[in-house]
Amino acid sequence: MAYTNSPLVAHTNLSPNHSGQRTQAIDRITPHCVVGQCTAEGLGDWFAKTSTQASSNYGIDKDGRIGLYVEERNRSWCTSSSANDQRAVTIECASDTSEPYAFRDVVYKTLIKLCTDICRRNGKTKLLWLGDKDKTLNYRPAANEMVLTVHRWYANKSCPGNWMFARMGNLVTKVTAALCGKTSTDTPAPAKAELYRVRKSWANAKSQLGAYKILATAKKKADDNPGYTVYDSGGNAVYPVSEETVPDAFVPYLVEVSITNLNIRTGPGTDNAATGHFTGKGVFTIVDEADGQGASRWGRLKSGTGWISLDYAKKL
């Protein structure tokens with residue numbers, strides 16, 4: 001098919017980080033949260049670096065401006081799944097830096113417009129949200145259908161954050177209405193709250209002790225019942241953290257960064273999204289370490305803003 005790009009784009013900075021032309025036709029859209037209130041230019045500059053080893057087709061910045069970083073004809077490196085990225089148009093959206101990683105109203109409205117445009121140009125008249133990983137991955141969309149997928153299904157991440165995850169149904173309603181030429185109010189309908197389920201395993205629904213809107217309440221229930229785990233609505237284990245991934249008795253320490261543009265990422269590795277922020281020069285506290293792509297070791301900042309490569313930080 002003949003691929004096109006969105007006419008809504010306000011800034012273009014094509015990234016070298018992609019796999020060339022797709023081997024699958026487009027039938028998915030995957031919204032992401034940047035975990036930072038970035039600009040279209042800042043996100044484009046980050047994806048333009050070969051060392052970043054990540055990209056998205058589009059980005060929506062904090063002011064609702066759209067950036068084009070990988071043409072729709074090409075597969076971006078965005079979702080921790082080559083199979084998904086071969087079929088999906090990926091969209092990074094500016095967001096808050098902590099859960100639920102909320103989008104500004106202008107960002108959400110632009111996401112609706114961009115998804116509508118993507119569907120229309122690719123011959124789709126309906127956008128679907130099935131809400132379940134297995135159902136979605138086993139579903140074969142009709143020729144006129146586009147399906148939403150999320151990053152959290154392919155990696156141990158919250159992306160696109162609980163704020164956006166709870167609004168996926170609203171997004172398809174808005175987009176499908178626009179595709180059908182129906183009018184729709186700009187204000188999103190109240191989203192269904194995230195429910196945290198306490199079970200022995202996600203597959204064992206009969207073992208569920210309860211479903212809670214407040215994560216702290218669900219954690220306490222799990223603590224009171226050894227052997228139980230807290231799962232989000234997508235079936236991802238969110239508590240307790242596996243002992244295998246948590247260093248024993250980690251002692252925080254100080255590092256000195258002497259460069260101005262040390263990038264902060266959402267996780268340890270260049271395969272994790274950039275937050276759009278830099279440390280700047282100074283002294284910082286590292287509260288965790290982990291291995292990851294693109295550096296010999298990664299450190300998590302005490303501020304909670306993300307992870308940095310320790311290759312550019314001197315331990316004090």
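Two strands count as paired if DSSP finds at least two bridges between them. With that in mind, open the model, which is a predicted one, and begin at the sheet.

**Stop 1: the sheet**

Select β3 and β9. These strands run parallel and are joined by 2 bridges. Within this pair, Ile29 stands opposite Leu148 of β9. Now widen the selection to the whole sheet, which is open, has 7 strands and shows mixed pairing. Going across, the strand order is β1-β5-β4-β7-β3-β9-β8. The edges are β1 (11-12) and β8 (126-128); each has a single partner strand, so one side of each is left without a neighbour in the sheet.

**Stop 2: the largest nonpolar core**

Keep Ile29 selected and add Ile91, Leu111 and Leu171. Of the 36 residues in the largest nonpolar core, these four touch the most other members. To see where the core comes from, colour the elements that give it two or more residues: the strands β3 (28-33), β4 (58-60), β5 (66-68), β7 (88-93) and β9 (145-148), and the helices α3 (105-121), α5 (161-165) and α6 (168-179). Which element gives the largest share of this core? It is α3, with 8 residues.

Next, centre on Leu111. Leaving out residues up to four places away in sequence, Leu111 touches Pro31, Ile60, Ile91, Cys93, Phe103, Met164 and Leu171. Two of these contacts, Ile91 and Leu171, were already picked out above as core residues.

Apart from this core lies another, of 11 residues. To find it, select Tyr253, Ile264, Phe284 and Ile286, which are among its members.

**Stop 3: Arg87**

Go to helix α2 (residues 82-87) and pick Arg87. Is Arg87 buried or exposed? Its relative accessibility is 18%, so Arg87 counts as buried, the cut-off being under 20%. Show the surroundings: beyond residues up to four places away in sequence, Arg87 touches Arg22, Gln24, Ala25, Ile26, Asp27, Arg28 and Pro141.

**Stop 4: Ser309**

Finish at strand β19 (residues 307-309), which holds Ser309. With a relative accessible area of 5%, Ser309 is buried. What does the side chain of Ser309 reach? At 3.3 Å it reaches the backbone nitrogen of Asp311. Setting aside residues up to four places away in sequence, the contacts of Ser309 are Leu262, Ala295, Arg297 and Trp298.

Terms used:
Residues numbered from 1 in each chain as written. Predicted model: local features only at pLDDT ≥ 70, side-chain atom pairs only at ≥ 80, totals over all residues. Heavy atoms only, no water. Helix = DSSP H or I, 4+ residues; strand = E, 2+ residues; numbered from the N terminus. Buried < 20%, exposed > 50% of the residue type's maximum accessible area, 1.4 Å probe, protein only. Polar contact = N/O pair within 3.5 Å; in protein donor to acceptor, adjacent residues only side chain to side chain. Contact = heavy atoms within 4.5 Å. Core = buried A, V, L, I, M, F, W, Y, C linked by side-chain atoms within 4.5 Å.
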